[in-house]
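Colleague: Let us go through the empty space in this model. I will ask how you know; you give the criteria.

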Amino acid sequence: MTNVAIIGGTGLTRLSGLEIIHREVIHTPYGEPSGPVTHGHLFGREIAFIPRHGPGHTIPPHQVNYRANLWALQHIGITRVIAVAAVGGITPEMKPARLAIPDQIIDYTWSRAHTYFEGSLSQVTHVDFTEPYDRALRSAMIAACDSAKLGQMNNGTYGATQGPRLESRAEIDRMSRDGCDLVGMTGMPEAGLARELELAYATCAVVANWAAGRGPDATITMEEVGRNLDAGMSDVARMLEALMPL
Ligand code: HPA
């Protein structure tokens, strides 16, 4: 049994180096997770893995069943969740292919199933979200990046947008005025739901592209996204190797 899970994002549908033990199909009260949970050994530690967008990368960000994914992980005894997520870089330090361990979130998503606290409740619950990411898990991930000399960013505000389209230049300008350093489509409601389940949750963001209007090019191409994610994901693997056994 393990208590550590990795949720893989775009570019991390399969975890290279994972020696698979078995796959577990879990049905939840919230519907089906993105796919079976894969149990395996990663750098000598047993972990669970779930690809956020499904095994074939077919589930867009606004249709991911975040509630089912996290419920399934908690159901099998997971207490710590490392979320890997592709993002756009807004501030100049958030360069393509760089890793960042964000410390704050602003939620711009809408109409997603974003809470477990609804329906027939015995009481209304408001979880604290002052620090949206788990402090100890973030520190361990930053230490792992440091020891692998990855040149990561140790802070940053993640702005979660609805997608699946990318943002307009004006939307990114507004997010920048709000204080966002990174933009992605999956950070929420995932982090909030993890907090509701009292899971320790932290994100390793991989900058896939300059956010709209921030880079030298007029448009964002899937070719540049793919290239930067390939480079960034090899750093994610080095971070995970340095992190294990967690
Ligand atoms: N915007 C939103 N989500 C993203 C981006 C982006 O530019 N790049 C990768 N995920």
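Colleague: Which element gives the most to the lining of the largest pocket?

Modeller: β5, with four residues. This is a predicted model, where local features need pLDDT of at least 70, side-chain atom pairs count only at pLDDT 80 or more, and totals for chains, interfaces and linings use all residues. Residues are numbered from 1 along each chain as its sequence is written, and side-chain values use heavy atoms, without hydrogens and water.

Colleague: What makes the largest pocket a pocket?

Modeller: On a 1 Å grid over the protein atoms alone, a pocket is an open set of points with protein on both sides within 12 Å along at least five of seven lines. About 450 Å³ of space lies in the largest pocket. Its lining has 27 residues, and T10, P61, A86, L166 and M185 are the closest to its centre. Two or more lining residues come from each of β5, β9 (182-184), β10 and α5 (222-243).

Colleague: Why is the other space called a cavity?

Modeller: Because a 1.4 Å probe fits at its points but cannot get out. The whole structure has one cavity of 30 Å³ or more. Its volume is about 40 Å³, counted as the space filled by probe spheres set on the points.

Colleague: How do you know which residues line the largest cavity?

Modeller: A lining residue has an atom within 4 Å of a point. R52, A83, A85, Y133, Y158, T186, G187, E190, Y201 and T203 therefore count as its lining. β5 (80-89), α4 (187-196) and β10 (200-210) each supply at least two residues.
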